[in-house]
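Q: Could you take a close look at one part of this model for me, a pocket and the helices around it? I'd like to know what it's lined with and how the pieces pack.

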Amino acid sequence: MKRKITLKHIARELEVSISTVSKALKNSDEISRDTKDKVQAFAKLYNYKPNNIAISLKNKRTKNIGVIIPDIVHHFFTTVFRGIEKYANNRGYNVIVCVSDESFDKEVINMEMLANGSIDGFIMSLSAETQAKNDFNHLKEVTEQGIPLVLFDRVTDEISCDKVILNDKEIAYEAVDSFIKSGRKKIALITTESYFNVSISRAKGYEEALRDNNIDLNDDLILVLPYDSLDENQISDFFKNNTIDAVLCVNEIFAIHCMGIAQKQGFKVPEDIAFIGFTDGILSRYSQPRLTTVAQHGERMGEVAAEMLIDRVENENEDDEREEVYRTEIIKATLIQRESTIN
């Protein structure tokens, strides 16, 4: 039984571009007879069939957008979805949302389900497992067929498509610099696994701010927590075993949880330890003390993502074989000071 092949496989085997394969299979006059014969013969030999996801999306317009988010627990993703829906509805589009639950398999299944003739394109943020596996074939199969896709927040350079991201490195730098300006020098970073692109960028901002202020990087002050669980003993030991006067957390849940554990140990916030977290959600606004946060402007990110996708859908010319030019839009975050950093 012959394995299922894609445009990419054919291109690699024949040492031509994916675009050339696509044109040859369409019998384009731009491609020489010899190349067309080779490509078509190879495709026939291996029983190549265009990706089903691509077929269903390419054949008709539905005025529906498929959105896949990693979870609905984090305030950030719900605000992004709100922005997508608001903008899309104003342009006459409906939005269908699925949650991957940070699962690679569920992300793939959601994509296949949504693409069953029901949507015009995708907006998505990569699941934790997808980033950990570094497997983006399900996205490549779609984009290779020219299907509109916009990635937001959690993105990858492996996929050529439009993207919307936060200025993560710059805002993390600003947060740490604000700690230093207030006299803090033992600044900790509580982060997630390094395969999250946002965590990498925020860690770079943290490190650069320390370096620019002549503070040595201390690996003991960096705590890496699993994205899907919080070990209270691990966090408790972190505060017990290190001298810390400020903490930058890469998300709101980490910040609230860690601040609570520090308070249980008798530390006063912000007198002894100041805290800053990412995502300006309900938890931040009603914690005790209220948490200083990085507002990620999720709703604006969602609006920009929806605009990029709908413009791509409506301007798409199926006969245009020119190489696509993709954009990456950067949303500027805002540091909101509250009682967890202000005495």
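**The second largest pocket and its helices**

A: Sure, starting with the chemistry of the walls: the lining of the second largest pocket splits into eight nonpolar, seven polar and nine charged residues. Keep in mind that this is a predicted model. The pocket's volume comes out at about 500 Å³. There are 24 lining residues, and those closest to the centre are Val 155, Asp 157, Asn 197, Val 198 and Ser 201.

As for who builds the walls, β5 (162-166), α9, α10 and β11 (328-331) each chip in at least two lining residues. The top contributor is α10, with five residues.

Now for how two of those contributors sit against each other. Helix α9 covers residues 168-181 and helix α10 covers residues 197-212; their axes come within 7 Å and cross at roughly 40°. Because of that angle, α9 counts as oblique to α10. The crossing itself is right-handed.

Zooming in on the contact, the α9 side consists of Asp 168, Lys 169, Ala 172, Tyr 173, Val 176, Asp 177 and Ile 180. Across from them, α10 brings Val 198, Ser 201, Arg 202, Lys 204, Gly 205, Tyr 206, Glu 208, Ala 209, Leu 210 and Asp 212. By type, the residues of this contact divide into eight nonpolar, two polar and seven charged.

Put the two views together and a couple of names recur: Val 198 and Ser 201 are among the residues closest to the pocket's centre, and both also belong to the α10 side of the contact with α9.

Note on methods:
Residues are numbered from 1 along each chain as its sequence is written. This is a predicted model: local features need pLDDT of at least 70, side-chain atom pairs count only at pLDDT 80 or more; totals for chains, interfaces and linings use all residues. Side-chain values use heavy atoms; hydrogens and water are left out. Axes are lines fitted to C-alpha atoms, for helices over the stretch in contact, and angles run from 0 to 180 degrees between N-to-C directions. Helices (H or I, at least four residues) and strands (E, at least two) are DSSP runs, numbered from the N terminus. Angles under 35 degrees count as roughly parallel, over 145 as roughly antiparallel, 65 to 115 as roughly perpendicular and the rest as oblique. A crossing is left-handed if the near helix is turned anticlockwise from the far one by less than a right angle, and right-handed if clockwise. Contact means heavy atoms within 4.5 Å. Ala, Val, Leu, Ile, Met, Phe, Trp, Tyr, Cys and Pro count as nonpolar, Asp, Glu, Lys and Arg as charged, and the others, Gly among them, as polar. On a 1 Å grid over the protein atoms alone, a cavity is a set of points where a 1.4 Å probe fits but cannot get out, and a pocket is an open set with protein on both sides within 12 Å along at least five of seven lines; lining residues have an atom within 4 Å of a point. Grid points are joined across faces, edges and corners, and a volume is the space filled by probe spheres set on the points.
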